[in-house]
Amino acid sequence: MTDKSSLRVGVIGLGTVGSGLVRTLQRNRDRIARNAGMPIDLVAVADINPDTFSRLDLAGIETTSDAGRIIRDERIDCVAELIGGTGIARDIVLDAFRAGKDVVTANKALLATHAEEIFRTAEQYHRKIHFEGAVGGGIPIIQSLYGGIGAATVTQIHAIINGTCNYILTAMEKQGRNFRDVLKEAQKLGYAEVDPTFDIEGHDAGHKIAILASIACNTAIDFKDVHLEGIRDITVDDIKFGKELGYTLKLLAIAKDYQDSIDVRVHPTFIPNENLLASVHGVHNAVYTCAPGLGAVMLYGRGAGDLPTGNAVASDLIQAARDKTARQPVSYRNFYEKRKPVRDMANIEGSYYLRCIVADQAGVLATISHILGEHNISVSSMMQTEAGKDGVCPIVFMTHNAREGNVKKALDKIARQDVVKARPKFIRLERIEEVTQF
Ligand code: HSE
(Lines give C-alpha, C1' and ligand atoms only; values in the text may rest on other atoms or scores of the structure.)
Protein backbone atom coordinates (compact mmCIF):
# COMPACT_ATOMS: atom_id res chain seq x y z
CA MET A 1 0.00 0.00 0.00
CA THR A 2 2.56 2.58 -0.98
CA ASP A 3 0.69 4.26 -3.82
CA LYS A 4 -1.53 6.87 -2.19
CA SER A 5 -3.14 8.20 -5.35
CA SER A 6 -6.24 5.98 -5.07
CA LEU A 7 -7.75 3.16 -3.04
CA ARG A 8 -7.96 0.03 -5.18
CA VAL A 9 -10.73 -2.32 -4.21
CA GLY A 10 -11.67 -5.92 -4.96
CA VAL A 11 -15.23 -7.00 -4.19
CA ILE A 12 -15.95 -10.63 -3.30
CA GLY A 13 -19.66 -11.46 -3.53
CA LEU A 14 -22.05 -9.66 -5.86
CA GLY A 15 -25.32 -10.48 -4.11
CA THR A 16 -27.64 -7.80 -2.77
CA VAL A 17 -25.01 -5.87 -0.83
CA GLY A 18 -22.16 -6.38 -3.33
CA SER A 19 -24.30 -5.10 -6.19
CA GLY A 20 -25.45 -2.16 -4.05
CA LEU A 21 -21.82 -1.32 -3.31
CA VAL A 22 -20.81 -1.38 -6.98
CA ARG A 23 -23.75 0.86 -7.93
CA THR A 24 -23.04 3.27 -5.08
CA LEU A 25 -19.35 3.56 -6.01
CA GLN A 26 -20.33 4.26 -9.62
CA ARG A 27 -23.19 6.70 -8.96
CA ASN A 28 -21.41 8.74 -6.30
CA ARG A 29 -17.85 8.45 -7.55
CA ASP A 30 -16.93 12.15 -7.35
CA ARG A 31 -18.43 12.76 -3.93
CA ILE A 32 -16.82 9.62 -2.55
CA ALA A 33 -13.42 10.67 -3.96
CA ARG A 34 -13.78 14.12 -2.39
CA ASN A 35 -14.64 12.69 1.04
CA ALA A 36 -12.01 9.98 0.83
CA GLY A 37 -9.29 12.35 -0.32
CA MET A 38 -8.61 10.08 -3.30
CA PRO A 39 -10.59 8.15 -5.92
CA ILE A 40 -11.85 4.70 -4.99
CA ASP A 41 -11.18 2.42 -7.94
CA LEU A 42 -12.98 -0.86 -8.34
CA VAL A 43 -10.31 -3.15 -9.80
CA ALA A 44 -11.93 -6.59 -9.74
CA VAL A 45 -15.07 -8.42 -8.64
CA ALA A 46 -15.55 -12.10 -7.83
CA ASP A 47 -18.68 -14.20 -7.66
CA ILE A 48 -19.26 -17.92 -8.12
CA ASN A 49 -22.31 -17.14 -10.26
CA PRO A 50 -21.16 -15.47 -13.53
CA ASP A 51 -24.76 -14.35 -14.26
CA THR A 52 -24.31 -11.62 -11.66
CA PHE A 53 -21.70 -9.89 -13.85
CA SER A 54 -24.19 -9.13 -16.61
CA ARG A 55 -26.56 -7.38 -14.19
CA LEU A 56 -24.02 -4.63 -13.51
CA ASP A 57 -21.97 -2.22 -15.58
CA LEU A 58 -18.53 -3.74 -15.11
CA ALA A 59 -16.73 -2.21 -18.09
CA GLY A 60 -13.01 -2.06 -17.34
CA ILE A 61 -13.38 -4.13 -14.16
CA GLU A 62 -11.88 -7.61 -14.01
CA THR A 63 -14.39 -10.39 -13.26
CA THR A 64 -13.57 -13.80 -11.82
CA SER A 65 -15.21 -16.73 -10.06
CA ASP A 66 -12.07 -17.20 -7.95
CA ALA A 67 -11.98 -15.13 -4.75
CA GLY A 68 -8.33 -16.14 -4.32
CA ARG A 69 -7.41 -14.08 -7.36
CA ILE A 70 -8.62 -10.95 -5.64
CA ILE A 71 -6.74 -11.76 -2.46
CA ARG A 72 -3.51 -12.42 -4.42
CA ASP A 73 -3.90 -9.40 -6.72
CA GLU A 74 -1.03 -7.08 -5.84
CA ARG A 75 -2.82 -4.04 -7.24
CA ILE A 76 -5.62 -4.35 -4.65
CA ASP A 77 -5.38 -2.50 -1.29
CA CYS A 78 -8.71 -3.41 0.21
CA VAL A 79 -11.02 -6.43 -0.07
CA ALA A 80 -14.79 -6.06 0.34
CA GLU A 81 -16.00 -9.41 1.73
CA LEU A 82 -19.71 -9.50 0.92
CA ILE A 83 -20.55 -13.18 0.65
CA GLY A 84 -21.75 -13.55 4.26
CA GLY A 85 -21.71 -16.63 6.49
CA THR A 86 -18.92 -17.86 8.71
CA GLY A 87 -17.23 -20.49 6.52
CA ILE A 88 -15.58 -19.28 3.30
CA ALA A 89 -16.05 -15.67 4.40
CA ARG A 90 -13.85 -16.29 7.44
CA ASP A 91 -11.03 -17.69 5.28
CA ILE A 92 -11.34 -14.78 2.87
CA VAL A 93 -11.04 -12.17 5.61
CA LEU A 94 -8.09 -13.89 7.34
CA ASP A 95 -6.30 -14.51 4.04
CA ALA A 96 -6.83 -10.90 2.99
CA PHE A 97 -5.10 -9.68 6.18
CA ARG A 98 -2.24 -12.15 5.63
CA ALA A 99 -1.91 -10.84 2.06
CA GLY A 100 -1.49 -7.31 3.45
CA LYS A 101 -4.95 -6.03 2.54
CA ASP A 102 -7.48 -4.12 4.60
CA VAL A 103 -11.02 -5.46 4.71
CA VAL A 104 -14.52 -4.03 4.65
CA THR A 105 -17.41 -6.36 5.39
CA ALA A 106 -21.12 -6.38 6.22
CA ASN A 107 -20.86 -9.81 7.84
CA LYS A 108 -22.43 -9.59 11.31
CA ALA A 109 -22.48 -13.35 11.90
CA LEU A 110 -18.73 -13.58 11.30
CA LEU A 111 -17.87 -10.65 13.55
CA ALA A 112 -20.21 -11.73 16.34
CA THR A 113 -19.04 -15.34 16.45
CA HIS A 114 -15.33 -15.10 15.48
CA ALA A 115 -14.50 -11.68 16.86
CA GLU A 116 -11.32 -12.65 18.68
CA GLU A 117 -9.75 -14.44 15.71
CA ILE A 118 -10.70 -11.76 13.19
CA PHE A 119 -9.61 -8.75 15.22
CA ARG A 120 -6.43 -10.34 16.59
CA THR A 121 -5.38 -11.35 13.07
CA ALA A 122 -6.04 -7.82 11.80
CA GLU A 123 -3.77 -6.46 14.53
CA GLN A 124 -1.12 -9.11 13.93
CA TYR A 125 -0.82 -8.08 10.27
CA HIS A 126 -1.31 -4.34 11.04
CA ARG A 127 -4.43 -4.29 8.93
CA LYS A 128 -7.76 -2.51 9.39
CA ILE A 129 -11.28 -3.84 9.14
CA HIS A 130 -14.39 -1.66 8.78
CA PHE A 131 -17.90 -3.05 9.14
CA GLU A 132 -20.53 -0.32 9.05
CA GLY A 133 -22.81 -2.45 6.85
CA ALA A 134 -22.94 -5.21 9.48
CA VAL A 135 -25.37 -3.37 11.78
CA GLY A 136 -28.43 -1.39 10.79
CA GLY A 137 -27.89 -1.32 7.00
CA GLY A 138 -27.56 2.32 5.98
CA ILE A 139 -27.51 3.65 9.56
CA PRO A 140 -24.01 4.90 10.51
CA ILE A 141 -24.00 3.50 14.03
CA ILE A 142 -20.53 1.92 14.05
CA GLN A 143 -18.75 5.03 12.81
CA SER A 144 -20.82 7.07 15.30
CA LEU A 145 -19.76 4.91 18.24
CA TYR A 146 -16.11 5.24 17.19
CA GLY A 147 -16.33 8.85 16.03
CA GLY A 148 -19.36 11.15 16.27
CA ILE A 149 -20.29 10.07 19.81
CA GLY A 150 -16.92 8.44 20.48
CA ALA A 151 -16.13 10.82 23.33
CA ALA A 152 -19.13 9.64 25.34
CA THR A 153 -19.42 6.55 27.54
CA VAL A 154 -22.52 4.92 26.13
CA THR A 155 -24.15 3.02 28.97
CA GLN A 156 -27.34 1.91 27.25
CA ILE A 157 -28.37 0.89 23.75
CA HIS A 158 -31.96 0.07 22.81
CA ALA A 159 -32.19 -0.88 19.15
CA ILE A 160 -34.65 -2.02 16.53
CA ILE A 161 -32.20 -3.79 14.25
CA ASN A 162 -34.20 -6.46 12.51
CA GLY A 163 -36.42 -5.11 9.75
CA THR A 164 -38.22 -8.41 9.22
CA CYS A 165 -39.48 -8.51 12.81
CA ASN A 166 -40.30 -4.82 12.84
CA TYR A 167 -42.31 -5.21 9.64
CA ILE A 168 -44.27 -8.12 11.14
CA LEU A 169 -44.93 -6.44 14.49
CA THR A 170 -45.97 -3.19 12.80
CA ALA A 171 -48.48 -5.00 10.58
CA MET A 172 -49.83 -6.95 13.58
CA GLU A 173 -50.25 -3.68 15.51
CA LYS A 174 -51.72 -1.53 12.72
CA GLN A 175 -53.84 -4.12 10.90
CA GLY A 176 -54.68 -6.55 13.71
CA ARG A 177 -53.42 -9.48 11.61
CA ASN A 178 -51.84 -12.55 13.14
CA PHE A 179 -48.17 -13.47 13.05
CA ARG A 180 -48.45 -16.27 10.47
CA ASP A 181 -50.41 -14.18 7.92
CA VAL A 182 -48.03 -11.28 8.12
CA LEU A 183 -44.97 -13.51 7.91
CA LYS A 184 -46.31 -15.10 4.72
CA GLU A 185 -46.92 -11.67 3.24
CA ALA A 186 -43.43 -10.49 4.25
CA GLN A 187 -41.94 -13.53 2.49
CA LYS A 188 -43.95 -12.78 -0.66
CA LEU A 189 -42.71 -9.17 -0.65
CA GLY A 190 -39.11 -10.28 -0.11
CA TYR A 191 -38.85 -8.66 3.35
CA ALA A 192 -38.54 -12.07 5.04
CA GLU A 193 -36.32 -14.93 3.93
CA VAL A 194 -37.83 -18.22 2.72
CA ASP A 195 -36.40 -19.66 5.95
CA PRO A 196 -37.09 -16.79 8.33
CA THR A 197 -35.84 -18.55 11.48
CA PHE A 198 -32.70 -16.51 11.81
CA ASP A 199 -34.61 -13.24 11.85
CA ILE A 200 -37.72 -14.12 13.80
CA GLU A 201 -35.87 -16.08 16.50
CA GLY A 202 -33.67 -13.06 17.23
CA HIS A 203 -30.31 -14.42 15.99
CA ASP A 204 -29.75 -11.67 13.43
CA ALA A 205 -30.46 -8.92 15.97
CA GLY A 206 -28.30 -10.85 18.47
CA HIS A 207 -25.28 -10.75 16.17
CA LYS A 208 -25.76 -7.03 15.66
CA ILE A 209 -26.15 -6.13 19.34
CA ALA A 210 -23.11 -8.27 20.23
CA ILE A 211 -21.03 -6.08 17.89
CA LEU A 212 -22.49 -2.82 19.23
CA ALA A 213 -22.06 -3.96 22.84
CA SER A 214 -18.39 -4.84 22.30
CA ILE A 215 -17.70 -1.32 21.07
CA ALA A 216 -19.95 0.61 23.46
CA CYS A 217 -19.29 -1.43 26.61
CA ASN A 218 -15.64 -2.07 25.78
CA THR A 219 -15.84 -5.82 26.23
CA ALA A 220 -15.38 -9.10 24.46
CA ILE A 221 -18.65 -11.00 24.11
CA ASP A 222 -19.16 -14.71 23.81
CA PHE A 223 -22.17 -14.91 21.48
CA LYS A 224 -23.53 -17.85 23.49
CA ASP A 225 -24.08 -15.42 26.39
CA VAL A 226 -26.44 -13.21 24.39
CA HIS A 227 -30.01 -13.96 25.51
CA LEU A 228 -32.19 -14.45 22.40
CA GLU A 229 -35.98 -14.55 22.22
CA GLY A 230 -37.94 -14.03 19.02
CA ILE A 231 -41.46 -12.94 18.14
CA ARG A 232 -43.10 -16.25 17.16
CA ASP A 233 -45.31 -16.38 20.29
CA ILE A 234 -46.53 -12.79 20.16
CA THR A 235 -50.28 -12.43 19.66
CA VAL A 236 -52.35 -9.52 18.42
CA ASP A 237 -54.07 -9.52 21.84
CA ASP A 238 -50.76 -8.90 23.63
CA ILE A 239 -50.04 -5.97 21.33
CA LYS A 240 -53.56 -4.53 21.89
CA PHE A 241 -53.51 -4.91 25.68
CA GLY A 242 -50.08 -3.30 25.89
CA LYS A 243 -51.20 -0.42 23.67
CA GLU A 244 -54.21 0.28 25.88
CA LEU A 245 -51.94 0.46 28.90
CA GLY A 246 -49.61 2.92 27.11
CA TYR A 247 -46.97 0.65 25.57
CA THR A 248 -45.88 -0.44 22.08
CA LEU A 249 -44.34 -3.83 21.38
CA LYS A 250 -41.00 -4.03 19.54
CA LEU A 251 -38.29 -6.64 19.15
CA LEU A 252 -35.53 -4.79 20.97
CA ALA A 253 -31.84 -5.53 21.07
CA ILE A 254 -30.49 -4.17 24.34
CA ALA A 255 -27.04 -3.59 25.77
CA LYS A 256 -26.41 -2.04 29.18
CA ASP A 257 -23.05 -1.38 30.73
CA TYR A 258 -22.84 -1.57 34.55
CA GLN A 259 -19.00 -1.32 34.32
CA ASP A 260 -18.44 -4.56 36.30
CA SER A 261 -20.98 -6.49 34.21
CA ILE A 262 -23.23 -6.05 31.18
CA ASP A 263 -26.66 -6.96 29.91
CA VAL A 264 -26.87 -8.04 26.30
CA ARG A 265 -30.13 -9.46 25.05
CA VAL A 266 -32.79 -9.58 22.34
CA HIS A 267 -36.46 -10.07 23.13
CA PRO A 268 -39.94 -8.70 22.48
CA THR A 269 -40.25 -5.60 24.64
CA PHE A 270 -42.95 -3.12 25.54
CA ILE A 271 -41.76 0.49 25.41
CA PRO A 272 -43.73 3.66 26.26
CA ASN A 273 -45.88 4.81 23.32
CA GLU A 274 -44.22 8.21 23.50
CA ASN A 275 -40.66 6.89 23.16
CA LEU A 276 -39.18 7.70 19.73
CA LEU A 277 -38.52 4.00 19.08
CA ALA A 278 -42.28 3.34 19.23
CA SER A 279 -42.72 5.30 16.00
CA VAL A 280 -40.16 3.26 14.05
CA HIS A 281 -42.38 1.29 11.71
CA GLY A 282 -42.12 -1.36 9.03
CA VAL A 283 -38.71 -2.43 7.80
CA HIS A 284 -37.00 0.63 9.28
CA ASN A 285 -34.35 0.29 11.98
CA ALA A 286 -33.27 2.66 14.75
CA VAL A 287 -30.59 2.67 17.41
CA TYR A 288 -31.18 4.74 20.56
CA THR A 289 -28.07 5.29 22.63
CA CYS A 290 -27.74 6.95 26.01
CA ALA A 291 -24.59 8.29 27.58
CA PRO A 292 -24.11 10.33 30.78
CA GLY A 293 -23.30 13.90 29.83
CA LEU A 294 -24.45 13.48 26.24
CA GLY A 295 -27.95 12.13 26.85
CA ALA A 296 -29.86 10.31 24.13
CA VAL A 297 -28.84 10.05 20.48
CA MET A 298 -31.03 8.13 18.05
CA LEU A 299 -30.10 7.07 14.53
CA TYR A 300 -32.90 5.98 12.21
CA GLY A 301 -32.94 4.60 8.70
CA ARG A 302 -33.12 1.65 6.37
CA GLY A 303 -31.70 -1.44 8.00
CA ALA A 304 -31.31 -3.56 4.87
CA GLY A 305 -31.41 -3.44 1.09
CA ASP A 306 -28.85 -3.15 -1.67
CA LEU A 307 -28.30 0.60 -1.83
CA PRO A 308 -28.62 1.47 1.89
CA THR A 309 -26.17 -1.28 2.88
CA GLY A 310 -24.06 -0.58 -0.24
CA ASN A 311 -23.79 3.03 0.98
CA ALA A 312 -22.63 1.84 4.40
CA VAL A 313 -19.92 -0.35 2.85
CA ALA A 314 -18.87 2.49 0.55
CA SER A 315 -18.51 4.74 3.62
CA ASP A 316 -16.18 2.08 5.04
CA LEU A 317 -14.10 2.38 1.88
CA ILE A 318 -13.88 6.13 2.54
CA GLN A 319 -12.43 5.23 5.96
CA ALA A 320 -10.08 2.72 4.34
CA ALA A 321 -8.86 5.42 1.93
CA ARG A 322 -8.24 7.79 4.85
CA ASP A 323 -6.30 5.01 6.59
CA LYS A 324 -3.91 4.96 3.64
CA THR A 325 -2.75 8.49 4.27
CA ALA A 326 -2.97 8.59 8.07
CA ARG A 327 -2.58 5.14 9.57
CA GLN A 328 -3.09 5.18 13.32
CA PRO A 329 -1.84 2.13 15.20
CA VAL A 330 -4.48 -0.56 15.07
CA SER A 331 -6.21 -1.65 18.27
CA TYR A 332 -9.27 -3.83 18.43
CA ARG A 333 -8.60 -5.00 21.98
CA ASN A 334 -12.14 -4.27 23.12
CA PHE A 335 -13.23 -7.23 21.02
CA TYR A 336 -11.15 -9.79 22.87
CA GLU A 337 -9.06 -8.57 25.78
CA LYS A 338 -11.40 -8.01 28.68
CA ARG A 339 -14.62 -9.97 29.15
CA LYS A 340 -17.18 -8.32 31.43
CA PRO A 341 -19.59 -10.96 32.72
CA VAL A 342 -23.03 -10.93 31.15
CA ARG A 343 -25.74 -10.72 33.81
CA ASP A 344 -27.87 -13.80 34.22
CA MET A 345 -31.45 -13.11 33.10
CA ALA A 346 -32.76 -14.19 36.53
CA ASN A 347 -30.85 -11.28 38.06
CA ILE A 348 -31.91 -8.52 35.72
CA GLU A 349 -34.37 -6.00 37.10
CA GLY A 350 -37.11 -4.52 35.03
CA SER A 351 -40.83 -4.10 34.61
CA TYR A 352 -43.06 -6.76 33.12
CA TYR A 353 -46.32 -7.27 31.25
CA LEU A 354 -48.04 -10.36 32.68
CA ARG A 355 -51.07 -11.95 31.06
CA CYS A 356 -53.10 -14.65 32.81
CA ILE A 357 -56.13 -16.45 31.40
CA VAL A 358 -58.41 -17.05 34.37
CA ALA A 359 -61.89 -18.19 35.39
CA ASP A 360 -64.08 -15.11 35.79
CA GLN A 361 -65.04 -15.65 39.44
CA ALA A 362 -64.74 -13.97 42.81
CA GLY A 363 -61.34 -13.99 44.48
CA VAL A 364 -59.22 -14.65 41.37
CA LEU A 365 -57.70 -11.19 41.30
CA ALA A 366 -56.93 -11.42 45.01
CA THR A 367 -55.24 -14.82 44.54
CA ILE A 368 -52.98 -13.54 41.79
CA SER A 369 -52.20 -10.24 43.52
CA HIS A 370 -51.30 -12.15 46.66
CA ILE A 371 -48.79 -14.35 44.80
CA LEU A 372 -47.24 -11.31 43.12
CA GLY A 373 -46.94 -9.61 46.53
CA GLU A 374 -45.31 -12.70 48.03
CA HIS A 375 -42.60 -12.42 45.36
CA ASN A 376 -42.01 -8.71 45.90
CA ILE A 377 -43.70 -7.70 42.64
CA SER A 378 -45.67 -4.49 42.73
CA VAL A 379 -48.36 -3.83 40.09
CA SER A 380 -48.39 -0.46 38.31
CA SER A 381 -51.54 -0.98 36.22
CA MET A 382 -53.94 -3.75 35.29
CA MET A 383 -56.86 -4.47 32.99
CA GLN A 384 -59.39 -7.21 32.55
CA THR A 385 -61.69 -7.81 29.60
CA GLU A 386 -65.11 -9.45 29.80
CA ALA A 387 -65.30 -13.23 29.91
CA GLY A 388 -66.47 -15.09 26.83
CA LYS A 389 -69.10 -17.85 26.81
CA ASP A 390 -66.50 -20.23 28.22
CA GLY A 391 -66.34 -18.12 31.41
CA VAL A 392 -62.65 -17.33 31.11
CA CYS A 393 -60.99 -13.99 30.55
CA PRO A 394 -57.54 -12.46 30.33
CA ILE A 395 -56.17 -10.31 33.15
CA VAL A 396 -53.17 -8.19 32.32
CA PHE A 397 -50.77 -6.59 34.79
CA MET A 398 -47.93 -4.16 34.29
CA THR A 399 -45.43 -4.27 37.13
CA HIS A 400 -43.03 -1.84 38.74
CA ASN A 401 -39.36 -2.85 38.86
CA ALA A 402 -38.93 -6.47 39.89
CA ARG A 403 -36.26 -9.16 39.68
CA GLU A 404 -36.85 -11.45 36.71
CA GLY A 405 -36.13 -14.55 38.81
CA ASN A 406 -38.95 -13.53 41.17
CA VAL A 407 -41.33 -12.89 38.28
CA LYS A 408 -40.71 -16.38 36.88
CA LYS A 409 -41.22 -18.00 40.30
CA ALA A 410 -44.46 -16.07 40.79
CA LEU A 411 -45.72 -17.12 37.35
CA ASP A 412 -44.91 -20.77 38.11
CA LYS A 413 -47.03 -20.55 41.23
CA ILE A 414 -49.83 -18.68 39.44
CA ALA A 415 -49.85 -21.37 36.74
CA ARG A 416 -50.55 -24.01 39.40
CA GLN A 417 -53.79 -22.34 40.61
CA ASP A 418 -57.04 -24.08 39.56
CA VAL A 419 -58.58 -20.80 38.45
CA VAL A 420 -55.75 -20.18 35.99
CA LYS A 421 -56.54 -21.76 32.63
CA ALA A 422 -53.33 -21.38 30.62
CA ARG A 423 -49.64 -20.85 31.23
CA PRO A 424 -49.28 -17.14 32.10
CA LYS A 425 -47.27 -15.10 29.69
CA PHE A 426 -44.75 -12.38 30.41
CA ILE A 427 -43.16 -9.77 28.18
CA ARG A 428 -40.41 -7.45 29.40
CA LEU A 429 -40.96 -3.72 29.54
CA GLU A 430 -38.26 -1.06 29.16
CA ARG A 431 -39.06 2.53 30.12
CA ILE A 432 -35.88 3.76 28.36
CA GLU A 433 -35.27 6.74 30.59
CA GLU A 434 -32.68 9.17 29.30
CA VAL A 435 -29.47 9.18 31.34
CA THR A 436 -28.05 12.72 31.30
CA GLN A 437 -26.05 13.25 34.50
CA PHE A 438 -22.45 12.20 34.95
N1 HSE B 1 -32.45 -9.82 7.71
C2 HSE B 1 -32.13 -8.53 8.25
C3 HSE B 1 -33.39 -7.81 8.66
C4 HSE B 1 -31.40 -7.63 7.30
O5 HSE B 1 -34.50 -8.34 8.51
O6 HSE B 1 -33.27 -6.73 9.19
C7 HSE B 1 -29.96 -7.99 7.17
O8 HSE B 1 -29.29 -7.86 8.38
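**Close-ups of Thr164, the ligand site and a helix pair**

**View 1. Thr164 sits in helix α9, which covers residues 163–175.** This is a predicted model. With a relative accessible area of 7%, Thr164 falls under the 20% cut-off, so Thr164 counts as buried. Skip the neighbours within four places in sequence, and Thr164 still touches Tyr191, Ala192 and Asp199. For a sense of scale, take Ser378: 214 residues separate Ser378 from Thr164 in sequence, and the C-alpha to C-alpha distance is 35 Å.

**View 2. Eight names make up the ligand's surroundings: Lys108, Asn162, Gly163, Thr164, Asp199, Asp204, Lys208 and Ala304.** Thr164 from the first view turns up again here, with a side-chain N or O atom 2.5 Å from an oxygen atom of the ligand. Lys108 also points a polar pair at the ligand: a side-chain N or O atom of Lys108 and a ligand oxygen are 2.7 Å apart. Asp199, one of the residues that Thr164 contacts, pairs with a ligand nitrogen instead, with a polar side-chain atom of Asp199 at 2.9 Å from that nitrogen.

**View 3. Helix α2 (residues 29–36) crosses helix α14 (residues 306–325).** The two axes come within 9 Å, at an angle of roughly 40°, and the crossing is right-handed. On the α2 side, the residues that make the contact are Ile32, Asn35 and Ala36. Their partners in α14 are Ala314, Ile318, Ala321 and Arg322. Sort the contact residues by type and you get five nonpolar, one polar and one charged.

Key: Residues are numbered from 1 along each chain as its sequence is written. This is a predicted model: local features need pLDDT of at least 70, side-chain atom pairs count only at pLDDT 80 or more; totals for chains, interfaces and linings use all residues. Side-chain values use heavy atoms; hydrogens and water are left out. Helices (H or I, at least four residues) and strands (E, at least two) are DSSP runs, numbered from the N terminus. Buried means under 20% relative accessible area, exposed over 50%, partly exposed in between (1.4 Å probe, protein chains only). Contact means heavy atoms within 4.5 Å. Axes are lines fitted to C-alpha atoms, for helices over the stretch in contact, and angles run from 0 to 180 degrees between N-to-C directions. A crossing is left-handed if the near helix is turned anticlockwise from the far one by less than a right angle, and right-handed if clockwise. Ala, Val, Leu, Ile, Met, Phe, Trp, Tyr, Cys and Pro count as nonpolar, Asp, Glu, Lys and Arg as charged, and the others, Gly among them, as polar. A residue is near a molecule or strand if one of its heavy atoms lies within 4 Å of it. A polar contact is a pair of N or O atoms within 3.5 Å; within protein, one must be able to donate a hydrogen and the other to accept it, and residues adjacent in sequence count only if both atoms are side-chain atoms.
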